[in-house]
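Student: I have not looked at this structure before. Could we go through it in questions and answers?

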Amino acid sequence: SFTTRATAQPLKNADELIDSVETFIFDCDGVIWKGDKLIDGVPETLDMLRSKGKRLVFVTNNSTKSRKQYGKKFETLGLNVSEEEIFASSFAAAAYLKSINFPKDKKVYVIGEDGILKELELAGFQYLGGPEDGEKKIELKPGFLMEHDESVGAVVVGFDRYVNYFKIQYGTLCIRENPGCLFIATNRDAVTHLTDAQEWAGGGSMVGAIQGSTQREPLVVGKPSTFMMDYLANEFGILKSQICMVGDRLDTDILFGQNGGCKTLLVLSGVTTLPVLQNPSNTIQPDFYTNKISDFLSLKAA
Ligand code: PLP
Ligand code: CA
């Protein structure tokens with residue numbers, strides 16, 4: 001696109017930003033927590049925003065947990081967040097299938113972890129695959145032909161630490177042999193930060209495997225696709241111009257906010273550094289940037 005955006009501004013007056021919107025969407029990893037560690041000042045910041053009557057929503061591309069499992073994580077970290085405020089890409093996959101009235105007599109093949117299975121189950125969909133297929137091996141003999149369930153009408157692919165050739169072939173067969181079979185990706189993050197010692201292959205690697213074998217493009221339900229934004233704007237009846245998207249990644253979070261027509265704030269408490277933001281080759285400019293969300297408590301008008 002030829003839209004040129006102004007260079008991101010350091011956030012100077014947090015109250016002005018807070019007063020200009022009614023909803024904050026927070027990305028999770030890099031904004032609220034880092035792995036299993038709460039980021040400094042988060043509880044006080046969320047409390048302050050709630051006391052001002054702001055709606056808070058939490059969106060994560062990490063599909064390994066369900067909404068309910070994230071609810072527990074927030075609780076463990078001492079944060080007062082309800083399941084209904086949490087939108088993980090696992091939930092988004094099930095919500096998307098619901099939104100298109102995916103038939104309950106068809107099945108979903110899952111290349112992904114428990115969070116996706118839990119959300120599909122809660123939504124009343126039949127599924128196959130998931131971690132248990134990680135145990136399966138293919139014994140090749142002359143003439144061997146792998147069978148697949150022809151009632152599979154969708155393949156959902158997310159981050160999967162149990163991915164193997166069996167699952168790749170199974171998902172590929174479902175899509176290749178049935179032109180109507182949907183190919184849904186929870187997210188296509190290139191990297192994830194399982195430890196902070198290095199960058200690990202993200203959900204995009206599993207999605208890329210199926211994309212490579214089927215030559216089909218997935219329908220992405222996680223950030224930066226607009227599905228979750230449309231879904232939650234509709235669910236809560238909020239105007240996108242009344243939302244500020246807060247995230248630590250340019251290519252998922254900030255793009256997600258911009259695709260939705262929201263205000264955007266980049267925090268430097270996660271994966272993006274100031275030199276990366278300010279590198280001339282970076283074309284994704286948030287409206288504002290700041291170190292961490294607890295800056296909301298200290299950045300007051302002079
Ligand atoms: N996917 C996986 C597997 C992850 O581990 C993470 C972060 O921990 C993410 C995606 C990104 O999550 P978020 O959207 O909350 O930054
Ligand atoms: Ca993040």
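Tutor: This is a predicted model. Begin with F288, which has a relative accessibility of 26%. Buried ends under 20% and exposed starts over 50%, so F288 at 26% is partly exposed.

Student: Which strand holds F288?

Tutor: The residue sits within the run 288–290. That run is strand β16.

Student: Which residues does F288 touch, leaving out those up to four places away in sequence?

Tutor: Contact here means heavy atoms within 4.5 Å. With residues up to four places away set aside, F288 touches Q9, P10, L11, L17, T264, L265 and L266.

Student: What is the order of the strands in the open sheet of seven strands?

Tutor: The pairing in this sheet is parallel. Its edge strands, each pairing on one side only, are β1 (9–10) and β6 (86–88). The order is β1-β16-β15-β14-β2-β5-β6.

Student: Within that sheet, how many bridges join β2 and β5?

Tutor: Strand β5 covers residues 55–60 and pairs with β2 in the parallel sense. One bridge pairs F26 with F58 of β5. The number of bridges between β2 and β5 is five.

Student: Which strands are the edges of the open sheet of five strands?

Tutor: The order of this sheet is β8-β7-β9-β10-β13, with parallel pairing. An edge strand pairs on one side only, and here the edges are β8 (126–129) and β13 (219–220).

Student: Which residue of β10 stands opposite V156?

Tutor: Strand β9 (residues 152–157) and strand β10 (residues 182–185) pair in the parallel sense over four bridges. The residue of β10 opposite V156 is I184.

Student: Which residues give the protein donors of the calcium ion (ligand 2)?

Tutor: The donors follow the spacing D-x1-D-x218-D along the chain. They lie 2.2 to 3.0 Å from the calcium ion (ligand 2). D27 appears twice through OD, D29 gives its O and D248 an OD, and the residues are therefore D27, D29 and D248.

Student: How many residues apart are D29 and D248 along the chain?

Tutor: D29 is in the loop between β2 (23–27) and β3 (33–34). D248 is in the loop between β14 (243–247) and α9 (250–259). The pair links distant parts of the chain, and the separation is 219 residues.

Student: Is D248 buried or exposed?

Tutor: D29 has a relative accessible area of 30%, so D29 is partly exposed. For D248 the relative accessibility is 2%. Because buried means under 20%, D248 counts as buried.

Student: How much of the accessible area of ligand 1 does the protein cover?

Tutor: The residues around ligand 1 include D27, C28, D29, N61 and K223. An oxygen atom of ligand 1 lies 2.9 Å from a backbone N or O atom of D29, and one lies 2.8 Å from a backbone N or O atom of N61. For K223, a polar side-chain atom lies 2.9 Å from an oxygen atom of ligand 1. Of the 400 Å² that ligand 1 has on its own, the protein covers 92%.

Student: Which residue shares a side-chain polar contact with D295?

Tutor: D295 lies in the segment after β16, and with a relative accessible area of 9% it is buried. Leaving aside neighbours within four places in sequence, D295 is in contact with A14 and T290. The polar contact, at 2.6 Å, joins the side chain of D295 to that of T290.

Technical notes:
Residues numbered from 1 in each chain as written. Chains lettered and ligands numbered in written order. Predicted model: local features only at pLDDT ≥ 70, side-chain atom pairs only at ≥ 80, totals over all residues. Heavy atoms only, no water. Helix = DSSP H or I, 4+ residues; strand = E, 2+ residues; numbered from the N terminus. Buried < 20%, exposed > 50% of the residue type's maximum accessible area, 1.4 Å probe, protein only. Donors = N, O, S within 2.8 Å, 3.2 Å for Na, K, Ca; no water. Near = heavy atom within 4 Å. Polar contact = N/O pair within 3.5 Å; in protein donor to acceptor, adjacent residues only side chain to side chain. Areas by Shrake-Rupley, 256 points an atom, 1.4 Å probe, with all protein chains shown as cover. Pairing = 2+ DSSP bridges.
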